[in-house]
Amino acid sequence: MDNLKITLQYLMPKHLISRLVGKLAAAKLGWLSHFLISRFIKAYNINMAEAQFERAEDYASFNEFFTRPLKDGIRPLATEDNIVAHPVDGCISQLGPIVQGQLVQAKNHSYSLQALLGGDIATAEPFIGGEFATIYLAPKDYHRIHMPLTGTLRQMIYVPGDLFSVNPLTAENVPDLFARNERVVTIFDTELGPMALVLVGATIVASIETVWAGTVTPPAGKNVFRWTYPAQGKNAITLKKGAEMGRFKLGSTVVLAFPADKLQFLEEQQPGTVTRMGAPFAKVN
């Protein structure tokens, strides 16, 4: 059955399906939207008591529900200067050292950091020998992404690609999954040096948004698009630790990368650990 699920992912028109689902999710369909939202809440046992608006009827579209804000204070932020916070609710897939420019995807699978970040060696070089973490967001999770520490945006890169599912089964069976799926790469200047925060698309992920650019949707095709931003001045984009930086419309994965010798992940942070946005993740060296 697992082999069949993987084979079907290779065969199905993933982009077409994802775009159609995206249009449905964005539509304000009244009672039908409310029905779909309520069924989704029940199917995934979502804790709506954490949401700022608790009823399905409070959301005009499925996208509004899926990117729902949480109640103030429900995710306390680790404010200590020497602590890096979790950027999302989810589950750690993998974390550890970046060895010879490779990141662990799953058992017996690794992939290229350079490919993940858009193919430019100059972008990847600061992170070689550093640390990475991959966090999977399940459908039930809160889908806004927040800053793990304060940073100034220097670059955004849109990398076109496939739209395989990013669930654990696919990660264990599709080579180079995170470096072949569509993604938005962001590079921030931080107190630790550069930080890469990569938002990976997936099947039926209708879109990826950032707070400074909105929905990131360059023209269809195979071209990589790059935007650069100033380090200072009135047009600089600096986001504080804990601030929202983006969101997924339907679930996906975040990959973080840091330079060598800058931090240590806390001992209790291991593959399979459930994450909560704002909780302690790593200690600064």
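This briefing describes three sites in the structure above: Asp81, Arg144 and a nonpolar surface patch that includes Leu29. The model is predicted. Arg144 is buried, whereas Asp81 is exposed and Leu29 is partly exposed.

**Arg144, a buried residue in a strand**
- Arg144 lies in strand β6, which covers residues 144–146.
- The relative accessible area of Arg144 is 13%, and this residue is classed as buried because buried means under 20%.
- The side chain of Arg144 reaches the backbone oxygen of Thr67 at 2.7 Å.
- A polar contact of 3.2 Å also links the side chain of Arg144 to that of Glu244.
- Beyond its neighbours within four places in sequence, Arg144 is in contact with several residues, including Arg68, Pro69, Pro87, Val88, Gly246 and Arg247.

**Asp81, an exposed residue in a loop**
- Asp81 is placed in the loop between α4 (62–66) and β1 (83–85).
- Asp81 has a relative accessibility of 67%, and it counts as exposed because the cut-off for that class is over 50%.
- When residues up to four places away in sequence are not counted, Asp81 touches Glu191 and Val284.
- The C-alpha atoms of Asp81 and Gln269 are separated by 19 Å, and these residues are 188 apart along the chain.

**The nonpolar surface patch**
- Leu24, Leu29, Trp31, Leu32, Phe35 and Leu36 make a nonpolar surface patch of about 580 Å².
- Helix α3 (residues 31–43) gives the most to this patch, with four residues.
- Leu29 sits in the loop between α2 (14–26) and α3, and its relative accessible area is 32%.

Notes
Residues numbered from 1 in each chain as written. Predicted model: local features only at pLDDT ≥ 70, side-chain atom pairs only at ≥ 80, totals over all residues. Heavy atoms only, no water. Helix = DSSP H or I, 4+ residues; strand = E, 2+ residues; numbered from the N terminus. Buried < 20%, exposed > 50% of the residue type's maximum accessible area, 1.4 Å probe, protein only. Contact = heavy atoms within 4.5 Å. Polar contact = N/O pair within 3.5 Å; in protein donor to acceptor, adjacent residues only side chain to side chain. Patch = residues over 30% accessible without salt bridge, like charges linked within 9 Å, V, L, I, M, F, W, Y side chains within 5 Å. Areas by Shrake-Rupley, 256 points an atom, 1.4 Å probe, with all protein chains shown as cover. Salt bridge = Lys/Arg side-chain N within 4 Å of Asp/Glu carboxyl O.
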